[in-house]
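Please look through the sequence and the structure shown here. The report below takes the features one topic at a time.

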Amino acid sequence: DKGKLTGIATTERDITERMGSLEKFRRMATVIQDSNDAITFQDLEGNILAWNQGAEVIYGYSQAEALRMNIVDTVPKEYQEEAREFLSSLKRGELVPTLETKRKTKDGRIVDVGLTNTKLTDDKGNLTGIATTERDITEQTKTLEKFRRMATVIKDSNDAITFQDLDGNILAWNRGAELMYGYSEAEALSKNIVDTVPTEYQEEARGFLASLKRGELVPNLETKRKHKDGRIIDVWLTNTKLT
């Protein structure tokens, strides 16, 4: 009662569950920080709140630099209006969960990126921003464009180019095949390649398919085919395995 220290009263609370949650969050933070994908957090204005190692690698900005930037600063000029509209829609509570777009690196290169977006909310459930996982898909996009060009060449070729499975079912039939055999693409995709073979050559065709199933391939072959109108035509085949 004279104010002299005599001991201590302690209130103790079991925080085992809280510590477990904290450890879980620490592990998640480590995964985010060390991910090869760019993982960024932005507020509703697009100001960058978090910037991981993957973002540093893809975009070239250090974390310290990025935290002074707006996400629009990483967007090429011709895509900035799209980025601002994205932020406006986010403020309205709308979210595009996945998006393919372009970003600009610190050295000025333009990269194709695939974005996966997740809303950030406070403890009351109010929207506060967005977490974005960003992956550089530049090489993937180049490959896809190459395949598109190849597909156009195949589609428009005057040579008949067809794809079949191991049983001979027709999977693809280009314009050249339509001209050569008379069957439309829609008709051909319901057929087996043996249906285009004259009766006396069908056994040969089935033998060819059987050898293909064994992993054998005759790369070039001169044989006969049957037109839709019944005409027999001589054809030269160049065969390539599909894998």
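What follows covers aromatic pairs, two helices, a pocket, a cavity and some single residues.

## Aromatic pairs

The model is predicted. A search of the whole structure turns up two aromatic pairs. One joins Trp51 and Tyr59. Their ring centres sit 5.6 Å apart, with 40° between the planes. That makes the pair tilted, because a tilted pair falls between the stacked limit of 30 degrees and the edge-to-face limit of 60. The other joins Trp173 and Tyr181, at 5.5 Å centre to centre and 40° between the planes. This pair is tilted too.

Are the partners buried or exposed? Trp51 has 2% relative accessibility, so Trp51 counts as buried. Tyr59 has 1%, so Tyr59 is buried as well. In the other pair, Trp173 and Tyr181 are both buried.

## Helix α4

Helix α4 runs over residues 77–91 and has 15 residues. From first C-alpha to last, α4 reaches 22 Å. That is close to the 21 Å expected at 1.5 Å a residue.

Which residues of α4 are buried? They are Gln80, Ala83, Phe86, Leu87, Ser89 and Leu90. An α-helix has 3.6 residues a turn, so residues three or four places apart point the same way. The cover over the buried residues of α4 includes three strands: β1 (38–43), β4 (110–121) and β5 (127–136). Just after the helix, Gly93 takes a positive phi of about 90°.

## Helix α8

Helix α8 covers residues 202–213. Its 12 residues should span 16 Å at 1.5 Å a residue. The end C-alpha atoms are 17 Å apart, which agrees.

Gln202, Ala205, Phe208, Leu209, Ser211 and Leu212 are buried in α8. Just after α8, Gly215 takes a positive phi of about 90°.

## The largest pocket

What is the volume of the largest pocket? The value is about 950 Å³. The lining has 34 residues. Those closest to the centre are Thr162, Gln164, Thr238, Asn239 and Thr240.

Several elements each supply at least two lining residues: β6 (162–164), α6 (175–181), α8, β8 (220–226) and β9 (232–238). The largest share comes from α8, with five residues.

## The largest cavity

The count comes to one cavity of 30 Å³ or more. About 150 Å³ of space lies in the largest cavity. Of its 15 lining residues, Ala83, Phe86, Leu99, Arg103 and Leu115 are the closest to the centre.

Which elements each supply at least two residues of this lining? They are α4, β3 (98–104), β4 and β5. Helix α4 gives the largest share, five residues. Both Ala83 and Phe86 are among the buried residues of α4.

## Thr196 and its loop

Thr196 lies in the loop between α7 (185–188) and α8. Its relative accessible area is 1%, so Thr196 is buried. The side chain of Thr196 reaches the backbone oxygen of Ile193 at 2.7 Å.

What does Thr196 touch, not counting residues up to four places away in sequence? The partners are Trp173, Tyr183, Arg225 and Lys226. Trp173 also takes part in an aromatic pair with Tyr181. Trp173 is buried, as is Thr196.

## Two residues of α5

Helix α5 covers residues 138–156 and holds Ala151. Thr138 has its place in the helix too. Thr138 has 12% relative accessibility; the buried class ends at 20%, so Thr138 counts as buried. Ala151 has 42%, which lies between 20% and 50%, so Ala151 is partly exposed.

The side chains of Thr138 and Asp136 are joined by a polar contact of 2.7 Å. Leaving aside neighbours within four places in sequence, Thr138 is in contact with Val111 and Asp112. How far is Ala151 from Asn174? The two are 23 residues apart along the chain, and their C-alpha atoms are separated by 9.7 Å.

How values were computed
Residues are numbered from 1 along each chain as its sequence is written. This is a predicted model: local features need pLDDT of at least 70, side-chain atom pairs count only at pLDDT 80 or more; totals for chains, interfaces and linings use all residues. Side-chain values use heavy atoms; hydrogens and water are left out. Rings of Phe, Tyr and Trp (its six-membered ring) pair if their centres lie within 6.5 Å; planes under 30 degrees apart count as stacked, over 60 as edge-to-face and the rest as tilted. Buried means under 20% relative accessible area, exposed over 50%, partly exposed in between (1.4 Å probe, protein chains only). Helices (H or I, at least four residues) and strands (E, at least two) are DSSP runs, numbered from the N terminus. The expected span of a helix is 1.5 Å times one less than its number of residues. Contact means heavy atoms within 4.5 Å. A polar contact is a pair of N or O atoms within 3.5 Å; within protein, one must be able to donate a hydrogen and the other to accept it, and residues adjacent in sequence count only if both atoms are side-chain atoms. On a 1 Å grid over the protein atoms alone, a cavity is a set of points where a 1.4 Å probe fits but cannot get out, and a pocket is an open set with protein on both sides within 12 Å along at least five of seven lines; lining residues have an atom within 4 Å of a point. Grid points are joined across faces, edges and corners, and a volume is the space filled by probe spheres set on the points.
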